[in-house]
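Subject: Structure handover

Hello,

Here is the structure you asked for. Please open it first, then read my notes below with it on screen.

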Amino acid sequence: MNIDNKKVALAQLQQLLNNNFTCDADEMEPWLTDWRGRYTGKAIAIISPISSKQLSEAVKICAQYDMPIVPQGGNSGMVAGATPSDDGDSIILSLRKMNIIEFDPNTPDTIICDAGVILQNLHDAALAHSMRFPLTLGGKGSATVGGLISTNAGGTQVLRHGNMRALVLGIEAILPNGTIYDGMSALKKDNRGYDITQLLIGAEGTLGIITRAKLRLVPAIQDRIAIWVGIENPQKAYKLLLHMSKKCAEQMEGFELISESSITRVLEHIYGTRLPTDHCPWYILIELVQDNDAQTNVQILAESSLEEPSENGLILDAVLSISETQIEEFWKLRDSISEAERAAGPAFQHDISVPVHHMAEFIETVSPQLEKKFKGCEVIAFGHMGDGNIHYHVKAPEGVSHEDWLPLEKQINNAVYDAVISYGGSISAEHGIGQVKLHALERVSSEARLFALRAIKKAFDPNNIMNPGKLITLD
Ligand SMILES: Cc1cc2nc3c(=O)[nH]c(=O)nc-3n(C[C@H](O)[C@H](O)[C@H](O)COP(=O)(O)OP(=O)(O)OC[C@H]3O[C@@H](n4cnc5c(N)ncnc54)[C@H](O)[C@@H]3O)c2cc1C
C-alpha cells in the first residue's frame, strides 16, 4: 500500500468514524498484543464503528485503498488471530462498541446479539428471560459473540449442546467489498446453494466481518450437580464416559479429564483450592443438569449411575457436590489449571482432538514417547475428554527458562502434531489457527484441504485485506 493511498484512506476513515477512530499510541497499545502475550504487532489506527451501515462504509474505503483490516472482539483468542502483523500497515477493527442484545418474546428460544456483545452479558440477558445460552468458557468476561463465532469456540458444554457452529441460527456480515450479507432469517429450510453463514463461522475474520447473529437458547437450568471422581488411568476414564453417557444421556453436560500433576500444581499455586477426594493418578469432573420437569433429579441420577462403577472398581473414589458453592469449587480446580501451570514454568500448549475412542490410547502411548524423546519434559493432558479434545501441554524440565526452552518449540510441536494426525485427529480442536498454527496447518494438511482453503479465501477476498497472515496464506 503506497503512502499517499494510506493517508487518503485514513483521512476518509477518520471523517466517517469521528470519535470512533484513534491513532493515539497509548490508546492502541493494549490491543496490539495477544492474550498469551506472545505476539505483538503494529497498527495505523483502531476503528470502532457503532453500526453495520457505518462499518460497511468503512470497509468500502479499506477495499478501495487495499488497507488490511484486523477484526478484533475481546482479544481473548489463543492463537493471536486478532493481533496485527508488525509491518504496521493494518487497521484494527474493534467490534466492542456494537453491543445491542434483542430478545423477541415470540421466539423465546432465540436471541439476537451484535458482534461485540460479551459472553457473560449474553448469559445474563438469557437468564433474565429464564433461558440459557449453553456455551461457556474461561474467557467469558471478555470474549465476544463475533469472536466466538469466528473461532467456532467450544468450551465445557459441547458434549450436550455442540460448539458455536451448532448454536448459530443466522448471521449478518460485512463482506470484503463492503456489502452487507443478511443471513439473519434463520429459515429451517433454505437451499440457495453454498451455505455462506457456515462458511463465515470459524473463518477467523479472513472472509468477512460478523456484525450480528441470531443464536439458539435452551431452558435455564433448574438444578445441577458436579461429581469429582478419582480414577486410575485414561482407559478407565473412557469406560466411565461410555457408562455415564448411557445412564445420563442428555443430562450430562461436562466430562473433563484432569491429571494428578495438574491438580498438584493447582493446589500449590491457586489460593483457596482443596481436593475433594484422596489423591489419585487421574480425576474426572462430571456435571449433570436438569432443565425440564420430565428429567430425573440430578442427585438421584448421580447416585444411581455411580453405583456400578463403584462396585466393580472402575472408579477409585467419588464425591458429589452438596451446594452451588461446592460446584464452583470443583470447577475452580479445573479452570485454574492453565494459571497454575503458568506459575510453574514454561510449556508449549496444544489444543488437539482425536476420535473420542482413541483419546485414552493417544495419551497413554504418545506422552511417554515425547517424555523419552525430549528428556526431562513433562506432558500434561487435561480437558474436554467427552469431546475427544484435550489441552496437551509439554512442560519444560524443572529450572529450564523460557529462553532455553524456546529453541525446541518447532521440534516439539511437529512431534505432537504428527502423532495427532497419525490418530486421525486435528491440530486445532477449538482455538483456531490464527498466526500461531499457520505453518503447522500447511505442514500437516492434505493438498485437497489447502486447495479448498486457498480457493475460498481468494474468491472472497482477492486483494487479501481481511485479516491477512491468519489461518491460510495465499501461496
Ligand atoms: C481463560 C480463557 C479460557 C478460554 N477457554 C476457551 C475454551 O474453553 N474454548 C474455546 O474455544 N476458547 C477458549 N478461550 C479462547 C477465546 O475465549 C475464544 O477463542 C473466543 O472465541 C475469542 O473471542 P474474542 O471476542 O476475544 O475474539 P478475539 O480474540 O478478539 O478474535 C478471535 C478471532 O476472531 C476474529 N474476530 C473477532 N471478532 C470478529 C468479528 N466480529 N468478525 C470476524 N472476525 C472476528 C479475530 O480476527 C480473530 O481471528 C479461552 C480464553 C481465555 C482467556
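**A serine in a helix**

S305 sits in helix α11, which covers residues 298-311. Keep in mind throughout that this is a predicted model. S305 is buried, because its relative accessibility is 1% and the cut-off is under 20%. Its side chain has a partner in the backbone: a polar atom of the S305 side chain lies 2.7 Å from the backbone oxygen of L301.

**The ligand site**

Next, the ligand. The shell around the ligand counts 35 residues. The closest are P71, G73, S76, G77 and T144.

Which elements give two or more residues to this shell? They are β3 (69-72), α5 (145-150) and β10 (209-216). Helix α5 supplies the largest share, four residues.

The shell also draws on two domains. Domain 1 (3-96) and domain 2 (101-219) each give at least three residues.

By class, 21 residues of the shell are polar. Another twelve are nonpolar, and two are charged.

Three polar contacts to the ligand are worth a look:

- P71: a polar backbone atom lies 2.6 Å from an oxygen atom of the ligand.
- G154: a backbone N or O atom is 2.9 Å from an oxygen atom of the ligand.
- E430: an N or O atom of the side chain is 3.1 Å from a nitrogen atom of the ligand.

How much of the ligand does the protein cover? On its own, the ligand has 980 Å² of accessible area, and the protein covers 93% of that.

**Salt bridges**

Side chains of opposite charge can pair when their charged atoms come close. This structure holds 20 salt bridges. Here are three of them, then a network.

Start with R224 and E324. They form a salt bridge, and their closest N and O atoms are 2.9 Å apart. R224 belongs to strand β12 (residues 223-231) and E324 to helix α12 (residues 324-335), so the pair ties together parts that are 100 residues apart in sequence. Are the two partners buried or exposed? R224 is buried, at 18% relative accessible area. E324 is partly exposed, with a relative accessibility of 44%.

Then E232 and K236. Their side chains meet in a salt bridge, with 3.3 Å from N to O. E232 is partly exposed, at 37% relative accessible area. K236 also counts as partly exposed, and its relative accessibility is 23%.

The third pair is E442 and R454. The closest N and O atoms of this salt bridge are 3.3 Å apart. E442 lies in helix α17 (residues 438-444), while R454 lies in helix α18 (residues 447-460). The pair therefore ties together parts that are twelve residues apart in sequence. E442 is partly exposed, with a relative accessible area of 24%. R454 is buried, because its relative accessible area is 16% and buried means under 20%.

Now the network. R132, R160, E253 and D291 are joined into one network by salt bridges that share partners.

**Loop residues to look at**

Which residues have a positive phi without being glycine? D66 is one of them, with a phi of about 55 degrees. D66 lies in the loop between α3 (52-65) and β3. The relative accessible area of D66 is 37%, so this residue is partly exposed.

S130 also has a positive phi, about 55 degrees, and is not a glycine. Look for S130 in the loop between α4 (119-127) and β7 (131-132). S130 counts as exposed, because its relative accessibility is 52% and exposed means over 50%.

Last, N19. This residue is in the loop between α1 (3-17) and β1 (21-22). N19 is exposed, with a relative accessible area of 70%. What separates N19 from P49 in sequence and in space? The two are 30 residues apart in sequence, and their C-alpha atoms are 9.5 Å apart.

**Where to begin**

If time is short, begin with the ligand site, where the closest residues include P71 and T144. Then turn to R224 and E324, the salt bridge at 2.9 Å. Finish with S305 in helix α11.

Best wishes

Technical notes: Residues numbered from 1 in each chain as written. Predicted model: local features only at pLDDT ≥ 70, side-chain atom pairs only at ≥ 80, totals over all residues. Heavy atoms only, no water. Buried < 20%, exposed > 50% of the residue type's maximum accessible area, 1.4 Å probe, protein only. Salt bridge = Lys/Arg side-chain N within 4 Å of Asp/Glu carboxyl O. Near = heavy atom within 4 Å. Polar contact = N/O pair within 3.5 Å; in protein donor to acceptor, adjacent residues only side chain to side chain. Areas by Shrake-Rupley, 256 points an atom, 1.4 Å probe, with all protein chains shown as cover. Nonpolar A, V, L, I, M, F, W, Y, C, P; charged D, E, K, R; others polar. Domains from an automatic or database assignment.
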